[in-house]
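The following exercises concern strand pairing, helix packing and the nonpolar core. Each task is followed by a stepwise solution.

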Amino acid sequence: MRFLFVCSSLGGGGAERVAANLANTLVSRGHSVSIFVRRQVSHPYSLNQDVRVCYQRRHGNLHGALELKKIIDNGVDGVVGFTDIPNILSKFSLIFSKLNPAFIPTIHNDLIARDSVKPLNFRFLAIRALHKLTCRSADKVVVVSEGARVSLSKYYELDLDALQTIHNPVLGDNDSIELRPRMEDKCEVKLVAAGRLTQQKNYRMMIDVVQALKKSGSRKFVLDIYGAGELTEALQAYVVEKGVEDRVAFKGFVDNLKSELSRYDIFLLTSDWEGFGNVLVEALCAGIPVISTDCPSGPREILSAGRFGRLVPVGDVDAFCNAVEDETRQPLEFSYEELCAHLDNFREGVVAQKYIKLVENVKLSKV
């Protein structure tokens, strides 16, 4: 089967990581994958040598749509867009194309939550209107969590049957699930977080949690944050303002987060919203306890409504501190076998097969 993925870049975002993981898995199983990329920037993801990457040569969305059309006209079975602009661009290219492959936009966030903090300017309104039309005209829209699927249905006035939930391919087929470490009565507890340093992740709340834990004096809690983003300098200044520069360290972006996670005691996520939350899967795979805000839309599904990790209300510093303290005293109880069975849902091979079946079903419906 021939797949064409459309991305804004391969610059390290969560959606782009999904595209890279899917592409590698599909070509390893004998399928053909091309990735059309609107902007050429350095990227951290390793791609199989059989994945063809096509960078947009001329600037502008019209040029991009025409270049994309030429690739489609050479023959593809499914066009999969990753996030808003690539989804819209894919739709325009298909309007011009002489072929009619399966068209599948993918949504990697809770759009109601994400758009609630965006300025209501002309560009935003135009993109939202075009993206809504794009999704309404698609053969099927893939959403990465069930919560985001319900949100998208309401936001874009789409029938739930037009949307399909397919979780992100976070784990390799051969990735082992680590045993949970024993929470020893240690004087220093190592906390860890990972993700882009953006408003969505609400790292200010996490820093407030560390400050509150420091004031409690029960034991020493230290936090390492992995990731980069536009708020790096502002967050570093906030750490100093809160007087926790001796407790919080910024580690930057790393290629293999899982290898780092096993050194820590508890993983934290304080997001105001998520589409999915890849890092939660990685933390569970590394065998460390997880505490997350119960934000829309992915964490509740990944943690199975609190079965595999603690969920606390969004923005509630006190509740988050209590959850951290509780985890050090009495860790959640669940079996290793339960966890392994749950995490199998996020393996690359399982997810890739769902995309293959989806494109096959769409093609059959077009006959």
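**Exercise 1.** Determine the sense in which strands S1 and S4 pair, and place them in their sheet.

Solution. Strand S1 (residues 2-7) pairs with strand S4 (residues 78-82) in the parallel sense over four bridges; pairing requires that DSSP finds at least two bridges between two strands. Phenylalanine 5 stands opposite valine 80 in S4. The open sheet holds seven strands in the order S3-S2-S1-S4-S5-S6-S7, with parallel pairing. Its edges are strand S3 (52-55) and strand S7 (163-165), each of which pairs on one side only.

The model is predicted; local features need pLDDT of at least 70, side-chain atom pairs count only at pLDDT 80 or more, and totals for chains, interfaces and linings use all residues. Residues are numbered from 1 along each chain as its sequence is written, and side-chain values use heavy atoms, leaving out hydrogens and water.

**Exercise 2.** Characterise the packing of helices H1 and H14.

Solution. The axes of H1 (residues 14-28) and H14 (residues 348-366) come within 9 Å and cross at roughly 80°. The two helices are therefore roughly perpendicular to each other (65 to 115 degrees). Contact, meaning heavy atoms within 4.5 Å, involves residues including Leu22 of H1 and Tyr355 of H14.

**Exercise 3.** Identify which residues touch the most other members of the largest nonpolar core.

Solution. A nonpolar core joins buried (under 20% relative accessible area) Ala, Val, Leu, Ile, Met, Phe, Trp, Tyr and Cys residues through side-chain atoms within 4.5 Å. Among its 30 residues, Leu261, Phe267, Val281, Leu284 and Leu343 touch the most other members. Helix H10 (278-286) supplies the largest share of this core, seven residues.

Methods: Axes fitted to C-alpha atoms, helices over the stretch in contact; angles between N-to-C directions. Parallel < 35°, antiparallel > 145°, perpendicular 65-115°, else oblique. Buried < 20%, exposed > 50% of the residue type's maximum accessible area, 1.4 Å probe, protein only.
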